[in-house]
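Student: I would like a close look at one part of this protein, namely the place where its two domains meet. Please take me through it in one connected account.

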Amino acid sequence: MTDAAGRTLYGYFRSSAAYRVRIALNLKGLAYAQAPVSLLRGEQRSADYLALNPQGLVPALLDNGVLLTQSLAICEYLDEAYPDGARLLPDGAVARAQVRAVAQAIACDIHPLNNLRVLNYLKAELGQGEDARNGWYRHWVATGFAALERQLAGSAGQYCFGDTPTLADACLLPQVFNAQRFAVDMGGYPLLAGIAANLEQVPAFADAHPSRQPDAQ
Ligand SMILES: N[C@@H](CCC(=O)N[C@@H](CS)C(=O)NCC(=O)O)C(=O)O
């Protein structure tokens with residue numbers, strides 16, 4: 001399944017990594033088809049999908065015959081390959097490094113600890129019950145969000161960096177959505193909660209919301 005623009009996103013409606021890429025594609029104004037990979041049914045470990053992405057993780061993006069993986073790499077690729085329209089990274093080495101730092105704090109330091117396969121390992125291999133798994137989840141989100149709340153105090157406007165959405169915002173909103181699914185109280189992070197509320201009003205972010213995807217259940 002490839003659309004007229006030759007672009008297909010392999011993802012899952014609730015995957016925060018796929019959600020980041022949907023936001024990036026929307027911000028760039030790039031049309032794409034979706035090929036849902038059900039994490040609930042374990043389709044990310046099917047032979048067909050592993051042939052595309054041996055990591056067995058979503059998202060993967062097929063763009064004009066080129067298969068790309070890793071959400072941050074995909075987002076940066078889109079920004080470089082399609083420089084017209086919104087920019088996910090600002091001009092200037094310092095500003096770019098600062099945006100990447102927030103994006104990576106979420107995508108590399110918070111999200112991987114709370115990924116499905118990690119939670120499943122805690123359950124199946126380490127015998128941890130639901131309360132322990134939820135405690136683990138909330139601990140790592142709280143650690144990461146507390147640091148971001150302080151870090152963004154110096155840069156935030158409507159969004160993470162001033163009043164223009166960036167790659168940092170494409171990572172933040174999905175992580176906040178994910179945290180709310182696990183009943184994390186956002187009251188302790190008023191700045192992050194406010195930015196997330198602002199982002200929800202931006203069409204590129206609203207259209208990427210899990211509830212608006214073809215595989216939403
Ligand atoms: N670092 C990867 C992470 C991808 C990732 O962890 N995807 C999750 C969904 S958000 C996944 O496919 N999980 C499947 C599993 O845990 O089995 C990226 O940013 O693309």
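Student: To begin with, at which residues does UniProt place the feature "domain: GST C-terminal", and what does the contact of domain 1 and domain 2 look like from the side of domain 1?

Tutor: This is a predicted model, in which local features need pLDDT of at least 70 and side-chain atom pairs count only at pLDDT 80 or more, while totals for chains, interfaces and linings use all residues. Residues are numbered from 1 along each chain as its sequence is written, and side-chain values use heavy atoms, with hydrogens and water left out.

The UniProt record, an unreviewed entry, places "domain: GST C-terminal" at residues 92–217, and it gives "domain: GST N-terminal" residues 5–86; such positions follow the numbering used here, with feature names shortened, and the annotations may be inferred rather than shown by experiment. Residues 92–217 are 63% helix and 0% strand, whereas residues 5–86 are 37% helix and 21% strand, where helices (H or I, at least four residues) and strands (E, at least two) are DSSP runs numbered from the N terminus.

For the contact itself I use the division into domain 1 (7–86) and domain 2 (93–204), whose bounds come from an automatic or database domain assignment. The centres of these domains, taken over C-alpha atoms, are separated by 20 Å, and the contact (heavy atoms within 4.5 Å) draws 14 residues from domain 1 and 18 residues from domain 2.

Between them, domain 1 and domain 2 bury about 1600 Å², of which 65% is on carbon and sulfur atoms; buried area here is the accessible area (1.4 Å probe) that two parts lose on being put together, summed over both. Of the area that domain 1 buries against domain 2, 34% is supplied by Arg14, Arg20 and Leu72, more than any other three residues.

As for polar links, there are 3 residue pairs in polar contact between the domains, both residues being at pLDDT 80 or more; a polar contact is a pair of N or O atoms within 3.5 Å, where within protein one must be able to donate a hydrogen and the other to accept it, and residues adjacent in sequence count only if both atoms are side-chain atoms. Helix H1 (16–28) and helix H3 (71–81) each supply at least two residues of the side of domain 1 that touches domain 2, and H1 gives the largest share, 6 residues. That side divides into 7 nonpolar, 4 polar and 3 charged residues, with Ala, Val, Leu, Ile, Met, Phe, Trp, Tyr, Cys and Pro counted as nonpolar, Asp, Glu, Lys and Arg as charged, and the others, Gly among them, as polar.

The interface also holds 1 salt bridge, defined as a side-chain nitrogen of Lys or Arg within 4 Å of a carboxyl oxygen of Asp or Glu. Glutamate 76 pairs in a salt bridge with arginine 100, with the closest N and O atoms 2.9 Å apart. In the whole structure 6 salt bridges are found, and another pair, lysine 28 with aspartate 79, has its closest N and O atoms 2.7 Å apart; this pair links lysine 28 in helix H1 to aspartate 79 in helix H3, 51 residues apart.
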